[in-house]
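User: Please take a close look at one chain of this model, the third one, and tell me how its helices and strands are arranged and where its backbone does something out of the ordinary. A short word on the rest of the assembly would help me to place it.

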Amino acid sequence: MSTTTPTKVTKPSKPLRADTQRAEAENRLGRRLVAPAVVIMLLVTAWPMLRALYLSLFRYRLTTPDDRSFVFLGNYGTILSDPLFWRDTWNTVLIMVITVGVELVVGFAFAMVMHKIIFARGVMRTSILIPYGIITVVSAFAWQFTFSINNGYINTWFDWLPFIDPDTNWFGDHWHAMFAIMVSEIWKTTPFMSLLLLAGLSQIPEDMIEAAKVDGATWWQRLFKVILPNMRAAIMVAVLFRALDAFRIFDNIFVMTRGAQNTESSSFLTYRQVIEQMQLGMGSALSVLLFLTVLLLAYLIVRAFKVDLSAARGEG
Amino acid sequence: MATSKRGNVLGTWFGFALIMIWCLLPVVWIISLSFKSPAETTAGSPQFFPKAWTTQNYKDIVDNPDFTRALLNSFGIALSATLFSVVLATLAAYAIARLDFRGKRAVLSLALAIAMFPVVSLVGPLFDMWRTLHLFNTWPGLIIPYMSFTLPLAIWTLSAFFREIPWEMEQAAQVDGATSWQAFRKVIVPLAAPGVFTAAILTFFFAWNEFVLAISLTSTTASRTVPAQMSYFVGADPFNPPYSQLATASVVVTVPVVIIVLLFQRKIVAGLTAGAVKG
Amino acid sequence: MPDSPPGPARLVRTGPVRVTAAAAVLALLAALLTACGDDSGQVTLVWYTNPDPGGQAEVAKRCSTDKVKIETEVLPQDTGQQRIQLARRLAAHDSGIDLMSLDPPFTAEFANAGFLAKIPDSLQSTLTEQSFKGAVDAATWDGEMVVLPFWSNTQVLWYRKDAARAAGLDMSRPVTWDQIIDAADELNEKQDADKTYVGVQANKYEGYVVWINALIEGAGGSIVENAEKGTDAKIDIDSDPGREAAAVIQKLADSSAAEPDLSVSNEGTVLPYLYPTSGGKVIRNAGGFLVNWTFVYTNEQALTEKSVAEGGITKKDFANLGWTRYPQTVADQDSRPPYGGIGIGVSQYSAHPEEAMDAAACVVDPENQGLNAELTGNMPASSAGYAYPALRKIYPADLLQLFQDSVDAAAPRSSTPYWSDISGAIQSTWHSPFAVNQDTPEESGTFIVDVLKGRTLQ
């Protein structure tokens, strides 16, 4: 995937004689081939998003349809001045920053081990893919039971820690519950992170590191001066995808706390307004805001790493 | 030098052990929990392994029509979404890798934007649309959005694979007297198949895992998939979640994942990292 | 590379495109078709029930005839989730629901949204006569009975006789929340292991609001006044009764009588605390007190069939189970126990409205109410249902009397289409119970009004 340059198809459509007809035919064919995929992608995203934009201008609830009224930007005003919205946004950002940070460090350590290891590679690859492939809801249940006050082993195993005793109720207050949610999230997604980082790591020529070693660079110097800078694209892709994924966190919260103890995320708030409260108007406004936030976030991350995304994706 | 090398080996072993514990401990825990009797978990059973091993949970779960139905839904929906998504993505990826056409960048940007899309944002309007189109609580009601959200991943993975196919071999085969269909079937298909297969696995994982749409766009066992069904699991005791039964259900839905991983681990890793590391 | 257009492209275009499109259309059609029903002579009605140990399924069988077959589908356990599942399908005008078991707090909302078919006047008057007054009140919206009262539930104070005796409490007279919390506290101090509790339901869910509502009503207050005004209803939680309720919650949360998982407790999680064990035996003079629905009696009785190691209790332990009227919020003021239960709603969008109404009438027949109570521990909504012989065998006479007295004295949650908003707003402001204080009623009063007016999210 990485050494694509030699085999990359030279563009067949730019022959010396300007055969515009042929180019036009190819153009048409290309468009026809991508059309079905594009239609399906737009059908389920662009159209509903426009509809959300429209609905967000109303006070509209499914169970009291007679009360529907046009409020223009009123819903947005309500949301943006609402402490609940900001609390949930803060929760989401916190979860995103902490989980991605931890995943990056642990994932990198895993990648280093996998890079160095010369035995049991298949076993390790299989093991690391299991958390990746496991259903998030299953992971959430597994960790909910792990932390459960009656059925979990955490309180028994870690009884000796000063802040854990047999009666520690992990879902009884905000920070404990947030911790449990983040553990499940980190457990499931670190493998993905480590695989991406491993791919980046194997890109670095061994002799580059050897040369640094010969020059007397310490392990830390080699890490920060040679290894990490050469993995920038891989790190960026990993961070971008994981961050946006973490920002949309929903499954773990739904299963573990249902949003109790103020552990709600932005996605959960939106879901609750739309599906549980059937507030289509307010919920749509939240949907639009969530979408804009994700766009902004993606933009910020790409800017922060100063990498052309399509280039990183292998697209010239 | 020798000691530092031994230290390295020890460190690697240590890291290996750590990774194995990290990845497998929760899995072993869920398996162990699935062999505890419901009475044991209701009364509270904080020890890791069961006091008395029982296979009753597995018998119960197989006899639970809601669960088996959800399993059928999950397979049906995930496989259909995978099939349709991969076929459409193959066409698109072929065009992107091989043809020059206007709007190529737009297609890629669209795919990228959709890969980042907050699924929850769509739940409201989709629910509203699906209930007017009578797609609410049906298989297509889930298959269609699953296709949209897996297409980006499939298109990227496939175009990365397709770009590496030495297409000129096809021409060579034709020169050697093969018809273009033969050349396609004998030369290109075997080269492209692994990529298509990898994209299919990743797509299947997504559809198998999806939860937000599964709980929002379904309301009965007619179309509820396993993750959604599990979150509404009701045991014999209506007030306590049936821990051991949930653990059993978890083990059962994880089995296909483990099988796929065991068989195709190399392909999955290749697919996950395809195109992600250039630069 | 030669300049001819790529060979496979042609193949790709003429082959798979059409095949795919055709396959997709076929698959969609097939799936749509399977969603439609089958045709045999018998009409099949679908009854969505709340989870129970099989009582409603049995009643469905009994009410099925050659012409009408009633099938049951089980809803999620959480009442909030039950409401969501049903409301979304009804909003989609789904004809796949004929009958539904509705919890009182959502009855008004469903009726107001036009989801419920009108009950014929003659049936309404029969049912009004037949049912307890509390059950009729809970089934009524806008002067009209909108669901058929099926079973009525209420909470009583369950307690361990040995613990009450050890604490020196006279249980023959009404007790207050203060008294039982103090009693549990004292026992915990004496035994230096905190194994005596006052069990309540305080997870962030409807059950917590049940408790809060009962506390406020017990102090002579009411959360919602003139509920028929919808979003303009008067919210009266910021009042002396509201503060009395907050005081009880605060006192319990701060005491050693609170269960360790108080903030996530529900009707099920509180049960094991009644009979805490140590060294394979139920601890004497511990466990304490528990407010909970009527099902506790049969539930604990069933536990005597299991060994203590398996989470069971001995017959002697079971003999220690006592019951009395729900505790008073304020001394010498009669308590208002919570009201729960199920009314049968007939869907407005049912394809067989007449058959469905007849089936509903059959379901709520006192005989069937009795049968359901026998199988589930969910007590009838009528005194005729209580006359069911099997119930006399299962329950002690004084307990049956206590249940009926409690239903009579019960305070239902207000009937308003906006109950889910009000309840959600109460949950947001009163949860966690550890954070409740004397300012909570005021905060929640303002918050509920803001939510009703659409000025804030919740």
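Analyst: What follows is a reading of chain C, with a shorter note on chains A and B at the end.

The model is predicted, and everything below should be read with that in mind. Chain C contains 20 helices and 14 strands, and its C-alpha trace spans about 95 × 65 × 55 Å along the principal axes. Of the 458 residues in chain C, 57% are buried. Among the contacts in chain C with a separation of 6 or more, 72% are between residues 24 or more positions apart.

One helix pair can serve as a first detail. Two packed helices are described by the angle between their axes and the distance between the axes. For helix α3 (residues 55-63) of chain C and helix α15 (residues 366-376) of chain C, the axes come within 8 Å and cross at roughly 145°, and the crossing of α3(C) and α15(C) is right-handed. On the α3(C) side the contact is made by Gly55(C), Gln56(C), Glu58(C), Val59(C) and Arg62(C), while α15(C) contributes Asn368(C), Leu371(C), Asn372(C), Leu375(C) and Thr376(C). Sorted by class, the contact of α3(C) with α15(C) has three nonpolar, five polar and two charged residues.

The strands come next. In a regular strand the side chains alternate between the two faces of the sheet. In strand β7 (residues 196-199) of chain C, Thr196(C) and Val198(C) point one way and Tyr197(C) and Gly199(C) the other way, and all of them are buried. β7(C) runs parallel to strand β12 (residues 287-293) of chain C, to which four bridges join it, and Thr196(C) has Gly287(C) as its bridge partner in β12(C). Strand β13 (residues 321-324) of chain C has a covered face, formed by Leu321(C) and Trp323(C), and an uncovered one, formed by Gly322(C) and Thr324(C). Its pairing with strand β6 (residues 148-160) of chain C is antiparallel and extends over four bridges, with Arg160(C) standing opposite Leu321(C).

Two places in the backbone of chain C deserve a check. Most residues other than glycine have a negative phi, and most peptide bonds are trans. The peptide bond that joins His431(C) and Ser432(C) is cis, with omega about 5°, and Ser432(C) sits in the loop between α19 (419-430) and α20 (440-452) of chain C. Asp142(C), which is not a glycine, has a positive phi near 60°, and its place is the loop between β4 (140-141) and β5 (144-145) of chain C. Asp142(C) counts as exposed because it has 11 C-beta neighbours inside 10 Å.

As for the other chains, Met278(A) also has a positive phi, about 55°, although it is not a glycine, and it lies in the loop between α13 (266-276) and α14 (280-305) of chain A. Met278(A) counts as buried because it has 23 C-beta neighbours inside 10 Å. The contact between chains A and B takes 97 residues from chain A and 93 residues from chain B. Helix α1 (residues 20-44) of chain A gives the most to the chain A side, with 14 residues, and that side divides into 59 nonpolar, 27 polar and 11 charged residues. The largest nonpolar core has 316 residues, and those with the most contacts inside it are Leu197(A), Ala89(B) and Ala92(B).

Terms used
Residues are numbered from 1 along each chain as its sequence is written. Chains are lettered from A and ligands numbered from 1 in the order in which they are written. This is a predicted model: local features need pLDDT of at least 70, side-chain atom pairs count only at pLDDT 80 or more; totals for chains, interfaces and linings use all residues. Two residues are in contact if their C-beta atoms, placed from the backbone, lie within 7 Å. Ala, Val, Leu, Ile, Met, Phe, Trp, Tyr, Cys and Pro count as nonpolar, Asp, Glu, Lys and Arg as charged, and the others, Gly among them, as polar. A residue is buried if 20 or more other C-beta atoms lie within 10 Å of its own, exposed if 12 or fewer, and partly exposed in between; C-beta atoms are placed from the backbone. A nonpolar core is a set of buried Ala, Val, Leu, Ile, Met, Phe, Trp, Tyr and Cys residues joined through C-beta atoms within 7 Å. Axes are lines fitted to C-alpha atoms, for helices over the stretch in contact, and angles run from 0 to 180 degrees between N-to-C directions. A crossing is left-handed if the near helix is turned anticlockwise from the far one by less than a right angle, and right-handed if clockwise. Two strands pair if DSSP finds at least two bridges between them.
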